[in-house]
Each structure stands twice: as C-alpha cells, then as structure tokens.
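Me: I am new to this structure and would like a close look at one part of it. Please pick a single strand and describe its surroundings.

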Amino acid sequence: MPPGHGGQHPGGGAHGMAAGGGALGMAPPPTGPAEGEHETAASSVPPPTSGGTAEGQVGPPPRRPRTVMLGVSAIVALLVGVGAPTVDAYLFYRSGQPSDIEHVVEAGKELTFEHVSWKAQVETMDPPQPTSPERQWLKITITRKGVDETGIRLTAKPELELRDRDDRRWQVEVAEDNVALDDDAKVGAAYTYTAVAVVPKAVAGQVELHLRPNTTYRSDTPTEKLFAIPTDPAEQEKAKHKDVLVFRR
C-alpha cells in the first residue's frame, strides 16, 4: 500500500517542515523545551473498520473516508515529542540533502506550482489544554486546488514546517484534511489541510510556513510502478523534491 494521504500516499520529500480554536480533549501537555529546539510529532490515524457479507465470505473493503481526522494521541505527541531532534542532528541530516529552491508567496496570495494552486493562512489559537505561557498554539489552514487533470492526481500530503527569521524550525502536524481522491476529485475545487503547531510566543507572529509539495506521486499510479526509478532526467530532478513554497505573513 503506498504511503501518504489517509495512510496511502507519500508525504513528500525527505526534508524536515479557528482563530480561538476549540478544545481538542487531550491530556495536559508536558513541560516544553528551551526556545529554539525543534518540535516533532507522530501521526496516529485509526485503522478503518471492515464489514462482511454472506457467511464465509469477505466483503469489499470499505470506501475510504474523504475526511481524515488526527487522533487526540497525535496532538498529545506534538508536545510529548518536543525537543527530540537536536541542532547537531539536523545539521548532519541537511549535509546530505540538496539545497532548497524557494518560491515566495506573498501574504494572502496563492501560487500555482506543478499543476496545483496553493494558499496558506497562519493564525493563533487557544490551547486545547493549559500550556506554558511562553508557548503559543498556531492553526495553519492550507488550501489546494488541482488546476488540471494532472493536478487532481497529485494528492500526496506535503511536508510542512514553520521557520523563524533565524531559520529555527518547528514541526507542523496535520489534524484534518478533506482532499478528494480518485473519481471524487474535481479540477479547480478547493480542498484544505488543517494543521497545528506550537512555537515560542516570542516568534508566533513571525514564523512562516514552508510547504514542500510532492510533485511526483500520482494517485492513479499502478501499485507495481510505485517504486520504479525514473529514467527521464526531468523526472529524476523533480524526485529530489527541492522546491519549497514559503508563505509570507
């Protein structure tokens, strides 16, 4: 089964990236890290339930839901995993990665890149549970539209992270998305990812979303071809996933 959206599509390259939001019903978060440390999280999506047909027979798999909700445990993990990676580990990781190519998107604008139009908004939200006064929860709303038949098939979840002016980085966790798959997808229709992050309050007004789209995975790719190595030089270059959209505040 291919990784990614709803547990079935890849989440992009190998790189690390409502107002007043309501209570998410999570346990109290642990004490956060010192400012500048990275924040990580692990997603937890409950497996689909399956039904049966006549006795002794196995029915067809249930239809994949169009909306994927992140479990409370994953939101808790956003805090539990705080500070796990170190700056040294990050620098070592980056040393083997190609340089990013940044595409700047001015505040409130959208950018069409590789058959998909992207727009993002970052805003503060109330913490789901009591949180250190030095830390701020943020809600990130990302809108995507496939501008043609290719765009609606590029459904892999993008890599997301927040960065401040000193290039410090914080994990962004997708809590919900309604991205349509397969025959449900419509050209030009807007679909959204709703994500959350926790950053030091001192930088909450300046951090910018860095979005790394996956421009190679297609939802209509046959399973046997998912891990095929591209031979076309242009496709090989795209597979490096160096392009990053930077959304100004």
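Reply: A place to begin is one pair of residues: His-103 has Leu-245, in strand β11, as its bridge partner. This is a predicted model, and what follows describes β11 in it.

Strand β11 covers residues 243–247, and 4 of its 5 residues are buried, so the strand is mostly covered; buried here means under 20% relative accessible area. Strand β2, residues 101–105, pairs with β11 in the parallel sense, over 5 bridges. Strand β10, residues 208–212, is joined to β11 by 3 bridges, and these two strands run antiparallel. Leu-245 appears again here, since Leu-211 stands opposite this residue of β11.

β11 also has a part in the nonpolar interior. The largest nonpolar core has 31 residues, and Ile-140, Ile-142, Leu-162 and Leu-209 have the most contacts inside it. β11 is one of the elements that give two or more residues to this core, and the others are β4 (116–125), β5 (135–146), β6 (159–163), β9 and β10. The largest share, 5 residues, comes from β9. In soluble globular proteins, nonpolar side chains tend to be buried together.

Ile-142 shows what one such core residue touches. Leaving aside residues up to four places away in sequence, its contacts include Trp-118, Leu-160, Tyr-191, Leu-209 and Leu-211. Of these, Leu-211 is the residue already met opposite Leu-245 in β11.

For a wider view, strand β9, residues 190–200, pairs antiparallel with β8 over 4 bridges. Glu-173 has Val-196 in β9 as its bridge partner. Strand β8, residues 173–177, has 4 of its 5 residues buried and is therefore largely enclosed by the rest of the structure.

Terms used. Residues are numbered from 1 along each chain as its sequence is written. This is a predicted model: local features need pLDDT of at least 70, side-chain atom pairs count only at pLDDT 80 or more; totals for chains, interfaces and linings use all residues. Side-chain values use heavy atoms; hydrogens and water are left out. Buried means under 20% relative accessible area, exposed over 50%, partly exposed in between (1.4 Å probe, protein chains only). Two strands pair if DSSP finds at least two bridges between them. A nonpolar core is a set of buried Ala, Val, Leu, Ile, Met, Phe, Trp, Tyr and Cys residues joined through side-chain atoms within 4.5 Å. Contact means heavy atoms within 4.5 Å.
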